[in-house]
Amino acid sequence: MKPLNDTTKGVVYGLGAYTLWGSFPLYFALFKGIPSWEVLIHRVIWSCLFLAVVISILKRWPPVVAALRQPRRLGYVLGCAVFIALNWGIYIYAVETRHVLQASLGYFLTPLVNVAMGLLILGERISRLQAAAVGLAAVAILYQLLLLGELPWITLVLAFSFGTYGLMRKKVELDGLSGLFVETLLLLPLGLLTLARLSSQGLSHFSDSTYSALLLASSGAVTAIPLLAFAGAARRLKLSTVGFLMYINPTIQFLIALYIFHEPLSTAKLVSFVMIWVALAIYSWSAWVGRSNREASA
């Protein structure tokens with residue numbers, strides 16, 4: 001067999017990363033009876049430990065040490081840590097309470113939130129098509145609010161927390177692996193203190209059974225492995241290809257919610273999904289046309 005070229009390897013890594021992320025509802029559904037916030041605590045602790053091992057194997061300590069030696073520059077990293085923890089916690093809660101459709105919509109919405117943030121916060125210029133896509137996404141959320149009488153808060157918190165995380169991440173001079181390690185490292189003391197308190201009160205589920213302990217400990221590897229695969233894809237593929245593959249994640253979540261968890265999909269929710277999908281199609285077309293024009297004029 002011929003060895004795979006870099007592009008093919010990148011696609012394989014990308015498919016692996018987004019398929020694993022998309023399958024997360026199946027994994028977090030295993031934590032029955034364990035509160036989402038306790039799962040989050042263990043995810044932070046075990047992710048930090050697992051990433052420390054990976055960084056040691058890959059000999060990637062220099063950028064981490066350099067970052068830790070400049071505590072005044074860790075403000076953005078701490079901000080990233082807070083928002084990624086919020087995102088993780090709400091996502092685990094969404095799976096626990098069977099609101100995976102809302103979670104899926106949140107990740108479909110994230111690219112459009114990024115565009116809106118770029119416009120409002122960074123002062124970036126966007127095309128009319130991109131503005132139309134963001135507007136249509138806003139209409140989709142208002143449509144749910146008016147017809148269902150409730151704000152899809154899980155969708156919005158997931159989209160805006162991850163969008164804000166991405167925005168702050170631009171200010172951090174660390175690669176994805178090192179950055180996530182430092183983020184979890186900053187959260188580690190709080191996680192350990194909370195776990196110690198739970199254990200002292202006999203409320204920790206870690207000691208319930210070997211199964212619970214192994215399941216909670218596995219959250220570190222489950223968090224890090226897709227990240228490593230994504231890093232492999234990002235190094236080998238164009239940004240446009242990575243962006244296209246990104247939609248695999250919420251699509252798998254949508255299908256899991258519908259066909260495995262049997263979450264109800266009302267007409268109002270379906271219409272809002274269709275609006276978001278159309279908005280994404282408009283946004284993707286605009287990005288593709290813009291990139292083609294830049295390449296033609298180069």
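Here are two short exercises on salt bridges and a pocket, each with a worked solution.

This is a predicted model, in which local features need pLDDT of at least 70, side-chain atom pairs count only at pLDDT 80 or more, and totals for chains, interfaces and linings use all residues. Residues are numbered from 1 along each chain as its sequence is written, and side-chain values use heavy atoms, without hydrogens and water.

**Exercise 1.** Find how many salt bridges the whole structure holds, and work out which parts D175 and R60 tie together.

*Solution.*
1. Take a salt bridge as a side-chain nitrogen of Lys or Arg within 4 Å of a carboxyl oxygen of Asp or Glu.
2. Searching the whole structure then gives 3 salt bridges.
3. One of them joins the side chains of D175 and R60, at 2.7 Å from N to O.
4. D175 sits in the loop between helix 8 (153–169) and helix 9 (176–200), and R60 in the loop between helix 3 (36–58) and helix 4, so the pair ties together parts 115 residues apart in sequence. Helices here are DSSP runs (H or I, at least four residues), numbered from the N terminus.

**Exercise 2.** Describe the lining of the second largest pocket by residue class.

*Solution.*
1. Nonpolar covers Ala, Val, Leu, Ile, Met, Phe, Trp, Tyr, Cys and Pro; charged covers Asp, Glu, Lys and Arg; the others, Gly among them, are polar.
2. Sorting the lining this way yields 8 nonpolar, 1 polar and 3 charged residues.
3. Among the lining residues are R73 and E173, and these two form a salt bridge with their closest N and O atoms 3.5 Å apart.

Terms used: On a 1 Å grid over the protein atoms alone, a cavity is a set of points where a 1.4 Å probe fits but cannot get out, and a pocket is an open set with protein on both sides within 12 Å along at least five of seven lines; lining residues have an atom within 4 Å of a point. Helices (H or I, at least four residues) and strands (E, at least two) are DSSP runs, numbered from the N terminus.
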